[in-house]
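User: Could you take a close look at one part of this model for me, the second helix and what it touches, and explain the terms as you go? I am in my first year, so please take it slowly.

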Amino acid sequence: MTITRPSFVAALGRHFLRLAIWAVLLAAGPVFAQAKPKPAAPPPAPHVYQPPASAYQYKQAQQQQQTTDQLQREQQRQQRQQAIQNTANLPNANNKALLNQTNAAQSANQDRSRAEQQDLIDRYRNAVSPPVSEPARASSR
């Protein structure tokens with residue numbers, strides 16, 4: 001079998017064409033791989049802005065805590081005083097005059113304690129109320 005020139009060129013052309021197609025496919029492989037849609041990433045978490053606490057806010061929180069602590073201590077003191085008073089009244093249960101006198105003293109003590117607590121609350125409210133600036137006065141010349 002003799003190879004003629006036109007058939008040799010045709011065979012070579014076919015091999016060259018196959019080789020060229022393979023080269024293009026191999027080169028285009030990474031391009032097609034990159035073109036695949038990637039799954040969507042979850043959106044970033046929203047950033048919550050927290051402004052720094054100002055000196056005024058810190059002072060207000062501190063005063064509120066001190067006032068709350070003082071009111072709780074006073075309430076515990078009153079409960080102890082009431083328990084002591086009840087114990088002291090047991091032996092004098094038959095003496096009405098003595099019971100009336102101790103009840104009046106206890107009532108006065110409670111009134112004083114309520115006034116102290118109200119004063120404490122009023123001082124707290126006045127201390128934490130924001131400062132009020134006076135309006136600028138217009139000067140007339």
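Analyst: A good place to begin is Q85, which lies in helix α2, the stretch made of residues 55-89; helices here (H or I, at least four residues) and strands (E, at least two) are DSSP runs, numbered from the N terminus. Before going further, please keep in mind that this is a predicted model, in which local features need pLDDT of at least 70 and side-chain atom pairs count only at pLDDT 80 or more, while totals for chains, interfaces and linings use all residues. Residues are numbered from 1 along each chain as its sequence is written, and side-chain values use heavy atoms, with hydrogens and water left out.

The setting of the helix comes next. The protein has three helices and zero strands, and from the N terminus on its elements run α-α-α. The average pLDDT, which is the predictor's confidence in each residue, from 0 to 100, is 76 for the protein, and 70% of the residues score at least 70. Among the elements, α3 has the highest mean pLDDT, 86, and α1 the lowest, 70.

Helix α2 itself has 35 residues and reaches 51 Å from its first C-alpha to its last, which is close to the 51 Å expected at 1.5 Å a residue; the expected span is 1.5 Å times one less than the number of residues in the helix.

Which residues of α2 are buried? They are Q63, T67, E74, Q85 and N89, where buried means under 20% relative accessible area, exposed means over 50%, and partly exposed lies in between (1.4 Å probe, protein chains only). For the protein as a whole, buried residues make up 9% of the 141 residues. Q85 counts as buried because its relative accessible area is 14%. Leaving aside its neighbours within four places in sequence, Q85 is in contact, meaning heavy atoms within 4.5 Å, with T102 and Q106.

Moving along α2, we come to E74, which is also buried, with a relative accessible area of 14%. E74 forms a salt bridge with R77, and the closest N and O atoms of the pair are 2.7 Å apart; a salt bridge is a side-chain nitrogen of Lys or Arg within 4 Å of a carboxyl oxygen of Asp or Glu. Both partners lie in α2, three residues apart, which is about one turn of the helix. R77, at 25% relative accessibility, counts as partly exposed, whereas E74 is buried.

These two residues also lead us to helix α3, made of residues 96-128. S113 has its place in helix α3 and, leaving aside its neighbours within four places in sequence, is in contact with E74, R77 and Q78. Is S113 buried or exposed? S113 counts as buried because its relative accessibility is 1%.

Another residue of α3 to follow is Y124, which is in contact with Q60, Q63, Q64 and T67, again leaving aside its neighbours within four places in sequence. Two of these partners, Q63 and T67, are among the buried residues of α2. The C-alpha atoms of Y124 and Q60 are separated by 8.9 Å, although the two residues are 64 apart along the chain. Y124 is itself buried, at 17% relative accessibility. For the protein as a whole, among contacts between residues at least 6 apart in sequence, 77% join residues at least 24 apart.

Helix α3 has salt bridges of its own to set beside the pair in α2. D111 is joined to R114 by a salt bridge whose closest N and O atoms are 2.8 Å apart, and because D111 and R114 are three residues apart in helix α3, they are separated by about one helical turn. D111 is partly exposed, with a relative accessible area of 41%. The side chains of R123 and D119 meet in a salt bridge as well, at 3.1 Å from N to O, and these two residues are four apart in α3, again about one turn of the helix. D119 is partly exposed, with a relative accessible area of 39%. A search of the whole structure finds four salt bridges, including E74 with R77.

To return to the helix you asked about, α2 carries Q85, which is in contact with T102 and Q106, and E74 and R77, which are both in contact with S113.
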